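Hi,

Here is the structure I promised to pass on to you. Have a look at it first, and then read on for what was found in it.

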Amino acid sequence: MPPATVYVIGAGVAGLAALGTANSMGAIVRATDVRAEAAEQVESMGAEFVEIPVTQESTTGYAKAMSESEAEAAGVVYAREAARADIVITTAQIPGKPAPILLDDAAIAAMQPGSVIVDLAASTGGNTTQTVKGKTVVTPGGVTIIGYEDLARRLPGQSSQLFGQNLVNFFTLVTPERDGQLALNMDDEIVRSITVTLDDTVMWPPPAIEVSAAPAAPKAAEPEAEVAAVEAEPAKPWKKWLAGQWPPRLFCGLCSAPRPICVATSSYSCWPAWLVST
């Protein structure tokens, strides 16, 4: 049986977690995000990053609303990849606005029977045109769309464990000496973002958190230093004259070797050959 193909739209916290889980289970994993810096994060999770013809920069980690033309261009990529996938996980949300539609009726109809869409944005309207908030539906084409709003509550054991671990990590952060005394480090992004007041000073709202930047462009290769051509020393006139006195394949008269041999081997037994070759 071939491995399942998982396609994740939106490589935020939830999307990256889904990528890591799917990859660890042996699936073929692909992901898409409009943020340029997400490509490196996706690849670090062992997934293939699928580019779309829309690029955004974000300092909050959330995507921004697309124009109609941008949404149409991105939708072509979403539909193509969804048709190839067994599982599609959508996570795109925009703060304060309804979730954007990523997969329309035509894209869902083109998916393989038995495919599954997990819409993690169901609570804000859903990322597909056929998501039903709080329910799981099966389309006439056999595609299952999961629109639960309470996925965390459906895993009470794991949810409690994760929440408890978050509390442990938080108190470890704000009480580094483990003595129960708060030590608030305002240079820490987490501490700064949850601090409302400090020493009678209003600290809210916190500054925007800078997410990881896109990989730096590779440095241009430095031009190689030009190597000055070394001109051969011109032959001295008397050497030219001496070298041309005997035609090839004739004996020079001073030894028994043909001239081409004695000149090529620089034989010291023949003084004309020695003069020509030095």
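Before we start, one term: the angle between a helix and a strand is taken between their N-to-C directions and runs from 0 to 180 degrees, with each axis being a line fitted to C-alpha atoms, for helices over the stretch in contact. Please also keep in mind that this is a predicted model.

With that in hand, look at helix α3, residues 68-84. Helix α3 lies across β1, β2 and β4, and runs at about 155° to β1.

Now for the whole chain. The protein chain has 278 residues, and 29% of them count as buried. Its secondary structure comes to nine helices and nine strands. The accessible surface is about 18,000 Å², and carbon and sulfur atoms make up 59% of that. Among contacts with a separation of 6 or more, 49% are between residues 24 or more positions apart.

Next, the sheet. In which order do its seven strands come? The order is β3-β2-β1-β4-β5-β7-β6, in an open sheet with mixed pairing. At the edges you will find β3 (48-49) and β6 (136-138), each of which pairs on one side only. As general background, strands of a sheet pair through backbone hydrogen bonds, either parallel or antiparallel.

You can follow some of the pairs one by one:

- β2 (residues 28-32) pairs with β3 in the parallel sense over two bridges, and R30 stands opposite E48 in β3.
- β1 and β4 are also parallel, with four bridges between them; here V8 stands opposite I89 in β4.
- β4 is joined to β5 (residues 116-119) by four bridges, and the two run parallel. T90 stands opposite D119 in β5.

Helix α1 (residues 13-24) is a good one to study in detail. This helix packs on the sheet, where it touches β1 (5-9), β2 and β4 (87-90), and its direction makes about 165° with that of β2. Does the length of α1 come out short, long or as expected? At 1.5 Å a residue, its 12 residues should span 16 Å, and the end C-alpha atoms are 17 Å apart, so the two values agree.

Which residues of α1 are buried? They are G15, L16, A18, L19, G20 and A22. These buried residues pack against β1, β2, α2 (38-44) and β4. A general point helps when you look at a list like this: an α-helix has 3.6 residues a turn, so residues three or four places apart point the same way. After α1 comes G26, which has a positive phi near 90°.

Finally, here are two single residues to find on your screen. Is T175 buried or exposed? Its relative accessible area is 12%, and buried means under 20%, so T175 is buried. T175 sits in the loop between α5 (156-174) and α6 (189-194). Its side chain reaches the backbone oxygen of F171 at 2.3 Å. Leaving out residues up to four places away in sequence, T175 touches G180, Q181 and L182.

The other residue is A109, in helix α4 (residues 105-109). With a relative accessible area of 62%, A109 is exposed, because the cut-off for exposed is over 50%. The C-alpha atoms of A109 and V143 are separated by 8.1 Å, with the two residues 34 apart along the chain.

Enjoy exploring!

Best wishes

Terms used. Residues numbered from 1 in each chain as written. Predicted model: local features only at pLDDT ≥ 70, side-chain atom pairs only at ≥ 80, totals over all residues. Heavy atoms only, no water. Pairing = 2+ DSSP bridges. Contact = heavy atoms within 4.5 Å. Expected span 1.5 Å × (residues − 1). Buried < 20%, exposed > 50% of the residue type's maximum accessible area, 1.4 Å probe, protein only. Areas by Shrake-Rupley, 256 points an atom, 1.4 Å probe, with all protein chains shown as cover. Polar contact = N/O pair within 3.5 Å; in protein donor to acceptor, adjacent residues only side chain to side chain.
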